[in-house]
Amino acid sequence: MLKTPFYDPNLSYEDNYDEGPFGSFADGKDLRKNQEPTYDFLGFKINTPFGIPAGPLLNSKFCKGAFEKGFDVIHYKTRRTADFPCNPFPNVLFVKTDGDLTLEKSKNPLKGSLNAPENSSEVSITNSFGNPSPDASVWQEDMKKALEAEGKGQILVGSIVGTIKEGFSPEDYYDDFALGAKLIKESGVKVIELNLSCPNVASEGVLCYSPDAVESICKKARVAVGPKAKLLIKLGYFSKDQQNLLENIVERVDPFVDGISVINTIPAPVVDEKGHQALPGEGRLKAGICGASIKWAGLDMVKRLNEIRKKGGYDFVIVGVGGVMTPDDYLEYREAGADLVQSATGAMWNPELAQDVKALGK
Ligand SMILES: Cc1cc2nc3c(=O)[nH]c(=O)nc-3n(C[C@H](O)[C@H](O)[C@H](O)COP(=O)(O)O)c2cc1C
């Protein structure tokens with residue numbers, strides 16, 4: 001039997017936002033020990049280099065639950081500069097992948113349903129929200145509340161995505177990322193992540209594979225937040241054929257950013273029992289898949305970024321994300337070179353995961 005997830009996939013995003021978190025994140029029990037933080041992350045002293053990436057922590061109530069349960073570096077869900085609706089329900093379906101979701105396998109439809117597997121370490125899900133956001137004035141106030149829940153040795157990270165508005169040029173779109181980063185900084189958050197795993201206006205496809213766009217956004221964001229704020233970028237998976245592209249991007253962003261988070265999700269078509277599109281609405285046949293089946297991809301990216309870092313003499317930090325379901329997965333990521341490890345799907349169905357990681361004592 002699975003534990004109660006702090007985000008309930010059977011409810012809409014809005015109901016989760018208003019009524020969540022659920023399960024132990026809502027019990028108010030503070031498991032933090034008043035220890036002396038020993039790990040360094042971006043110049044901050046932290047308790048354990050483990051936390052939750054951008055996504056399942058929808059607002060300050062969720063962030064408070066996560067901090068209390070010992071997730072020490074957590075991201076507030078990606079926000080936009082202006083109000084934006086969520087994709088229609090459902091957003092999270094369990095998918096069957098039969099082991100690793102390789103790039104080859106991700107070309108074929110996966111079956112999605114609300115039926116959970118038996119074991120939390122086997123969970124793989126869709127994540128299809130479309131980056132909803134309230135207006136900046138709302139989330140800025142709420143981020144301040146989330147910061148109040150931060151304990152000793154803990155850090156809140158803000159994540160931002162640009163919005164393509166009618167008549168926008170690519171430059172306008174990139175400026176919107178920079179504005180969002182500035183708005184996060186104004187709310188008092190010291191670490192800001194640019195979510196680059198999103199659509200590109202200048203060409204078909206996802207932004208993080210377009211070096212000109214990525215460089216321009218990072219440069220603009222750095223100017224907007226000033227030299228002291230810590231800037232991260234979030235990338236998707238780069239195949240082996242895209243190795244030169246990855247190296248080029250690292251070289252071009254290095255003057256502007258302090259760290260790189262990898263990975264987001266692996267997109268795949270998701271169908272129901274009858275073989276029909278499982279998630280309602282245009283453009284939603286494909287959904288981002290996360291959880292156990294994408295660990296191989298996150299680990300691979302961490303290893304490759306670590307190699308690039310050594311070879312190029314860079315000093316950016318690496319945030320390892322993807323399929324971290326158990327303390328052993330955490331260790332594997334740390335050994336691969338991750339300075340910080342985060343779990344979204346794993347933490348959702350095991351809200352005690354940070355305690356399990358701390359119990360390793362390393
Ligand atoms: C419910 C949910 C919502 C997510 N929303 C976001 C988001 O707003 N921004 C983002 O960068 N990634 C988002 N993600 C992706 C996660 O940050 C992470 O990159 C991905 O889920 C892989 O990690 P995992 O295998 O531990 O889930 C979301 C993931 C989940 C499960």
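Colleague: Which residues does Asp142 touch, not counting those up to four places away in sequence?

Modeller: Asn59, Ser60 and Tyr76. Contact means heavy atoms within 4.5 Å. This is a predicted model: local features need pLDDT of at least 70, side-chain atom pairs count only at pLDDT 80 or more, and totals for chains, interfaces and linings use all residues. Residues are numbered from 1 along each chain as its sequence is written, and side-chain values use heavy atoms, with hydrogens and water left out.

Colleague: Why does Asp142 have no salt bridge?

Modeller: A salt bridge needs a side-chain nitrogen of Lys or Arg within 4 Å of a carboxyl oxygen of Asp or Glu. The nearest side chain of opposite charge, Lys145, is 4.7 Å away, so the pair does not count.

Colleague: What makes Lys144 and Glu141 a salt bridge?

Modeller: Their N to O distance is 2.9 Å, so the pair meets the rule. They sit 3 residues apart in helix H3, about one helical turn. Helices are DSSP runs of H or I, at least four residues, numbered from the N terminus.

Colleague: Why is Asp300 called buried and Lys240 exposed?

Modeller: Buried means under 20% relative accessible area, exposed over 50%, partly exposed in between (1.4 Å probe, protein chains only). Asp300 has 14% relative accessibility, so it is buried. Lys240 has 55%, so it is exposed. The two form a salt bridge, with the closest N and O atoms 3.2 Å apart.

Colleague: Where do Lys220 and Asp175 lie?

Modeller: Lys220 is in helix H5 and Asp175 in helix H4, so their pair ties together parts 45 residues apart in sequence. Their closest N and O atoms are 2.8 Å apart. Glu171 joins both in a salt-bridge network.

Notes. Lys and Arg count as positive and Asp and Glu as negative; His and the chain ends are not counted. Helices (H or I, at least four residues) and strands (E, at least two) are DSSP runs, numbered from the N terminus.
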